[in-house]
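Please look over the sequence and the model below before reading on. The report is written for a reader who meets this structure for the first time.

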Amino acid sequence: MWADTQRELDTMLQREREEFLQPQEDLEKVMKMLATAYVQYLAILRKLEEAHDHLIHQQKRAAARQALDGVMGRILEIKREMVALENSECHSMAGILMELQRVPEDIEIPIPKYFIKENLGILQDREKYLHEILLNAGLLEQEAVTAMTLEEGIRVIQVAERARQGRARAAFMRRIYLEEKRQSKKEVQEMGKSPDDAATCIQKVWRGHSQRKKTERLREEEMIFLGMSLPPDLEAMSSLQKANILQGEVQERADFCFRHELKTTEGPHIKETLQDQITQCFVECRHITGRFPDYPPEKTGGSKAIFIEKHPEQVLEELAAKKAKAEAEKNEKDKKGKQDKEPAQEKKPPKVGKPVVDESWKMGPSNFLLMLEEGSSQYQVFWENRDNRSDFLQDHDPELIKGEEREEVEEEIRVQVDEVMQEKLLRVKQAVDGETGPQIKAGKDKGGKTPGKKKISELEKDLTPDRTIDSLYQELAEEGLLIQVKNVNLSDYIGYYDCLRSILRETGAQPMPSIPEVRQLVALYGILPLGSQTVHENAPLVKSLLLAGPAGVGKKMLVHAICTETGANLFSLTPSNTGKYPGRDGLIMMLHMILKVGKELQPSVVWIGNTERIFSKGAPKGEEEVNFKRLAKLLPQFLRALKPKDRVLLVGTSSRPFDANLGPFCKVYQKIILIPKPDYLTRFALWKHYILQRGGALTKLLNLNCLAQVSDGFTQGHVVDVVHTVLTELRLLQMARKPLRTAEFVTSLARHDPVYKEEEETFQAWYAKTPLGKAWITAQEAKEEEKEKGKKGKGKK
């Protein structure tokens, strides 16, 4: 599987070199190219993830992991180009899927299992620690004691009575057995046994034991011969290890100590080579510049900086090029002087035309193509033609380990060589040039200005230097800022593709995401970057995400799904818990603690529920609201403190985003995902899923089509609430003689208010005012103007 996927990836990289590096003028063709590459990369990602999950060999897993991270990053880069081209987060992929003969499920984003598997032990320990803290603080809800029904009480008494009777009967039968045994012993003692009878008894027992052992051994040999059982040496593996191998989990193996061997065998040669190279470089530099250079300090890498910098031969070439350039400039000045002496009448003003704007599209630079090409070349060199059929235990390759360790050994030896060569250079300088130390220019720089210090924000300063991470973690948990994550996967957010939305997009309506597209956007902007450090550092950086939609559409569920899929900590900011840190200084301290713990125990998600209240237009009510609104000025500072290496994501949820000031609101939240209410097919699946999950039974009296039709305008939260209200424990017990009916759910549903069309239009109008919505409207107006110009041009002809 890995080999086939790697071949597909090589083909894809070759196609990118041929198509994407050339400028394109037809934007529709460009969008088709990008969408095709996006779908194909997703197929490669799905296969690579499966192959990586089943590989056991550590070095193979590392090679597959490099390709996996590279493909994830490339998908995010292509998504950025598609969004910039269409000014929309949603794209019409139906034509591409039909052309590639794929189904809509093929563009679902696969989430790698290694996000959780490789840190499973750490995550379990952290979950236990958080549970203990919350339990000691009294913040966990105790399980409610429910009263038994009469039938349940009778059943419990019956079980206990039957068990008592069984134990009494067993004790009575045991007494009878012991009594009979005592009587038989007395008779034997009185009569006695002959030696022949005793010998016969011993022979019978021994022959039976011997034959049973022989038969068991023959059966085992037959099973091994038929391949239905493992040999004894492999049978010693524990059942847990077998399960781990079948599941493709990482096996812990003992590391080989090759470092000492490399130091003893190759260390002297490496040391001698480094000294010769450094000496040769110093001699050549003195030959060119007339003096020995200063030895690079440890901060710049020591002798490594010498080889990063230009070689003496390159310096000579540059000097020659500068002289040639100076001579050319001098000749040009002489020519200009002669032209100035000519009469001014002959001079004509040059024609000034409009600046030529290159409107053709070109793919932006990529941080992942080089990574994918390097991974492909390493695969071809090390793994493509290797025969691993005899390597049952999947052990490490010693030569590859030596290659990795060799770099570390060279770095250790380089530090020792730097100390020796630095002293040697000082002695040579003193003897040859009469210098006693490195030439350091004191005072100001060339511009006459002292180097300015960068301003460090309050959140980047360490305000708690004397406190440990554990103490900060405990305080945040006790104050309700660090909460437990509900075990919810992204696939649990049920929803299907809405064909009507794709038809509306073709008519020119502003595209709004369907529920599967919401899942994709959450995975692309939230889960993949948080799960992989490589992807987060090199992919387009998304620091903040806003989930907006009517109440009950599943915004909170999606936040918990992000944390579940990546193993992230969840920090929750609400008016009640932020009120425990009053004033601006208190909020700065709170955000600093969240930032410090979140970075140390990354990945982390900082969730702000009802985030529009921070940016609301009206005056705040109460001290807690005033304190909560102070976050509006501190959140940009919080986001600036996040660097590409910090896997921390700010997620806001809002059911009334139109109540907030749009300017500062959109500056804080980099990506905005508008979540719709469920369509007919999704409502049908929701009713079926939650009724069965609650323990209900589907009969002919329960019409799911009718329920899906009647619940038009209601959200997922309404469906869950209705199912829990109707299917009580008493109703489930009565279900055998009184089946569920449609009217029961319709009656309960009528007590809720649906999402009216006016509210949905308000959301769409608000989204049209966001930066991406404005860009889409502007692009549509430009297209209409071009069409009108084209029609007028045809009319004139």
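The text that follows describes a sheet, the helices that pack on it, and some of the aromatic pairs.

This is a predicted model, and its open sheet of six strands, with mixed pairing, has the order β1-β3-β4-β5-β2-β6. Because β1 (482–483) and β6 (671–674) each have a single partner strand, these two stand at the edges, and one side of each is left without a neighbour in the sheet. Strands β4 (residues 604–609) and β5 run parallel and are joined by six bridges, and Gly 609 has Thr 653 in β5 as its bridge partner.

Helix α18 (residues 515–531) packs on this sheet, where it touches β2 (544–548), β4, β5 and β6, and its direction makes about 145 degrees with that of β6. Helix α22 (residues 583–600), in turn, lies across β3 (569–573), β4 and β5, and runs at about 170 degrees to β3.

The structure also holds eight aromatic pairs, including the two in this table.

| Pair | Distance between ring centres | Angle between planes | Type |
|---|---|---|---|
| Phe 658 and Phe 763 | 5.3 Å | 75 degrees | edge-to-face |
| Phe 665 and Tyr 669 | 5.5 Å | 70 degrees | edge-to-face |

The pair of Phe 658 and Phe 763 links distant parts of the chain, 105 residues apart, with Phe 658 in the loop between β5 (648–654) and α25 (662–668) and Phe 763 in helix α31 (residues 757–768). Phe 763 counts as buried, at 3% relative accessibility.

Phe 665 is buried with a relative accessible area of 1%, and Tyr 669 is buried with 2%. Through ring pairs, Phe 665 and Tyr 669 belong to a cluster with Phe 615 and Trp 766.

Note on methods: Residues numbered from 1 in each chain as written. Predicted model: local features only at pLDDT ≥ 70, side-chain atom pairs only at ≥ 80, totals over all residues. Heavy atoms only, no water. Phe/Tyr/Trp six-rings, centres within 6.5 Å; stacked < 30°, edge-to-face > 60°. Helix = DSSP H or I, 4+ residues; strand = E, 2+ residues; numbered from the N terminus. Buried < 20%, exposed > 50% of the residue type's maximum accessible area, 1.4 Å probe, protein only. Pairing = 2+ DSSP bridges. Contact = heavy atoms within 4.5 Å. Axes fitted to C-alpha atoms, helices over the stretch in contact; angles between N-to-C directions.
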